[in-house]
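Good morning, and thank you for the opportunity to present. I should like to take you through the strands and helices of one model.

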Amino acid sequence: MSRISDKLLSRDEHVCPWWLAWTFDNPLRKWLHDPRQILGAHVREGMTVADIGCGMGYFSVAMAKMVGPAGKVLAVDLQQMMLDLCRKRAYRAGVSRQIETVLCAADDIALSQPVDFILAFWMVHEVKDIPRFFGQVASVLKTGGKMLYAEPRMHVTRNRFEEILGHARSAGFTVAGGPKVGMSRAKILVKG
Ligand SMILES: C[S@@+](CC[C@H](N)C(=O)[O-])C[C@H]1O[C@@H](n2cnc3c(N)ncnc32)[C@H](O)[C@@H]1O
């Protein structure tokens with residue numbers, strides 16, 4: 001494969017660069033991924049939530065509106081550029097105060113405070129050590145707390161998705177219903 005197609009199509013060990021994120025995170029996205037429809041049943045006012053692998057903050061900003069001034073969104077990513085774009089977006093949307101950006105490392109989500117809800121949208125397939133990732137996520141999610149885990153169908157096969165759910169179970173999660181999310185495989189995980 002050429003280097004460009006390698007970057008665009010690789011299914012493994014590929015971290016989505018900021019310039020590629022514009023291909024799906026653009027003004028048309030709200031028709032495919034309506035944050036209130038996807039997250040409305042789980043995110044409530046006053047919650048502390050984490051958007052891990054937040055990218056340019058599409059869901060972080062939406063969740064900041066849902067948790068309101070009494071809540072907080074921890075927007076976590078390993079690319080500073082993504083966090084900068086997320087901050088700009090939050091500022092434009094008037095929710096800067098509710099969003100704290102967190103620069104993490106590939107093997108460390110860099111969170112320690114307990115959270116009520118976690119979103120991992122289209123990012124886990126980019127993580128190198130997935131069992132370790134779920135272990136860290138489980139350690140900060142409150143008992144009974146939920147996590148929405150979603151992957152892009154074009155990058156993650158059904159079998160691979162099931163395999164990753166196995167890692168989530170090993171970390172102590174129960175796999176609950178799967179919300180319908182455009183172009184995605186998605187499950188709600190509950191920390192038991
Ligand atoms: C395809 S983008 C999705 C962004 C965002 N969740 C969304 O739906 O718009 C994947 C993001 O995950 C981030 N990422 C990849 N591996 C990560 C890791 N180990 N920890 C935190 N973020 C990671 C990438 O930097 C990128 O911003």
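**The sheet and its helices**

Strand 6 and strand 7 run antiparallel and are joined by three bridges; strands here are DSSP runs (E, at least two residues), helices are H or I runs of at least four, and both are numbered from the N terminus. Strands count as paired if DSSP finds at least two bridges between them. Within this pair, valine 175 stands opposite leucine 189 in strand 7.

Please note that this is a predicted model, in which local features need pLDDT of at least 70 and side-chain atom pairs count only at pLDDT 80 or more, while totals for chains, interfaces and linings use all residues. Residues are numbered from 1 along each chain as its sequence is written.

Strand 7 also pairs with strand 5, in the antiparallel sense, over seven bridges. There, leucine 148 has isoleucine 188 in strand 7 as its bridge partner.

Strand 1 (residues 48-52) and strand 2 (residues 72-77), by contrast, pair in the parallel sense over five bridges. Threonine 48 stands opposite lysine 72 in strand 2.

How are the seven strands ordered? The open sheet has the order 3-2-1-4-5-7-6, with mixed pairing. Strand 3 (99-103) and strand 6 (173-175) each have a single partner strand, so one side of each is left without a neighbour in the sheet.

Finally, helix 7 (residues 130-140) lies across strand 4, strand 5 (141-152), strand 6 and strand 7 (184-191). Helix 7 runs at about 140 degrees to strand 5, where angles run from 0 to 180 degrees between N-to-C directions of axes fitted to C-alpha atoms, for helices over the stretch in contact; contact means C-beta atoms, placed from the backbone, within 7 Å.

Notes
Contact = placed C-beta atoms within 7 Å.
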